[in-house]
Amino acid sequence: MLRPQAGACFALWPSSTVARVPHGSLRLGVFGGTFDPPHVGHLVTAINVRHALVLDTVLLMVANQPWQKLGSRPITSASQRLAMVRAAVADVPGLEAGDLEIVHGGPSYTADTLEALQRVHPGAQLFTIMGDDAAAHFYTWERYQQVAALSTLVVVDRPGNHVELPSGFDWERVEVPRLDVSSTDLRDRVVDGRPLDYLVTAPVLAMISELGLYQEGG
Ligand code: ATP
Ligand code: MG
């Protein structure tokens, strides 16, 4: 178990169990998303990027306010989305739910998150992981130059969505199994009464059912 280093702000990292394997500086992946809900596409991506790039930990960083999605549909509360991600990664070595953006509050910007991680883990190598749909719009991210300066940009192939990557950045491409699943489709499935089994983990499925999520659509 890795502790934040001396002088770091513990409040930023209240539930850290970030683990480190002994090969030099900490290599930390940040896979940000709304995770409404988290699905097997997210998990297969995170586990394969961790393996391919020999990362100590991949944080599935739950956006507090996904500012690019606000207004487009009702978004499940941050605490419920965090609970689902925690349930999804429980007992999976090397994957952790990240609550930093929720603790920070307000709109969630990856540049802020990377800055905070740098303070908590000085000397760590940071990797910002995204699907190629997200990469295609990288220019629209708040302070994207800072994101590129603070981390290695990692893009994974996303089903049926091959896009030109924005030029001027050193993209690290990682091939992962292509799973044609999205949170949008899962929410639609709940509305239509179609099964979600095997598209989300069993504990996440149980939470969706117990909390009555996505019944209203949106
Ligand atoms: P929504 O349909 O609501 O947009 P989503 O399934 O795209 O949800 P997000 O939380 O928006 O999930 O995405 C978080 C990150 O996961 C993004 O970088 C996105 O590109 C990536 N991602 C989403 N689905 C997949 C998938 N099936 N395979 C690989 N990456 C994915
Ligand atoms: Mg998305």
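Helix H1 is a good place to start, for H1 gives the most to the shell around ligand 1, with three residues. Keep in mind as you look that this is a predicted model.

**Around the ligand**

H1 has company: it is one of the elements that each supply at least two residues of the shell around ligand 1, listed here.

| Element | Residues |
|---|---|
| helix H1 | 40-52 |
| strand S4 | 125-131 |
| helix H5 | 132-136 |
| helix H7 | 183-192 |

There are 19 residues around ligand 1, and those that come nearest are Gly33, Gly41, Gly131, Ser183 and Thr184. By class, the shell holds nine polar, seven nonpolar and three charged residues.

**One side of helix H4**

Now find helix H4, residues 110-120, where Thr110, Thr113, Leu114, Leu117 and Val120 are buried. These residues cover an arc of only 125° around the axis, so they sit on the same side of H4. A general rule helps here: an α-helix has 3.6 residues a turn, so residues three or four places apart point the same way. What do the buried residues of H4 pack against? Their partners are strands S1 (27-33), S2 (57-62) and S4, together with helices H3 (100-104) and H6 (144-150).

**Two helices crossing**

Finally, look at helix H2 (residues 78-89) and helix H8 (residues 202-211), whose axes come within 8 Å and cross at roughly 150°. H2 and H8 are therefore roughly antiparallel to each other. H2 brings Gln80, Ala83, Met84, Ala87 and Ala88 to the contact, while H8 brings Pro203, Val204, Met207 and Leu211. This contact of H2 with H8 has eight nonpolar residues, one polar and no charged ones.

Definitions and conventions. Residues are numbered from 1 along each chain as its sequence is written. Chains are lettered from A and ligands numbered from 1 in the order in which they are written. This is a predicted model: local features need pLDDT of at least 70, side-chain atom pairs count only at pLDDT 80 or more; totals for chains, interfaces and linings use all residues. A residue is near a molecule or strand if its C-beta atom, placed from the backbone, lies within 6 Å of it. Helices (H or I, at least four residues) and strands (E, at least two) are DSSP runs, numbered from the N terminus. Ala, Val, Leu, Ile, Met, Phe, Trp, Tyr, Cys and Pro count as nonpolar, Asp, Glu, Lys and Arg as charged, and the others, Gly among them, as polar. A residue is buried if 20 or more other C-beta atoms lie within 10 Å of its own, exposed if 12 or fewer, and partly exposed in between; C-beta atoms are placed from the backbone. The arc is that of the directions from the helix axis to the C-beta atoms. Two residues are in contact if their C-beta atoms, placed from the backbone, lie within 7 Å. Axes are lines fitted to C-alpha atoms, for helices over the stretch in contact, and angles run from 0 to 180 degrees between N-to-C directions. Angles under 35 degrees count as roughly parallel, over 145 as roughly antiparallel, 65 to 115 as roughly perpendicular and the rest as oblique.
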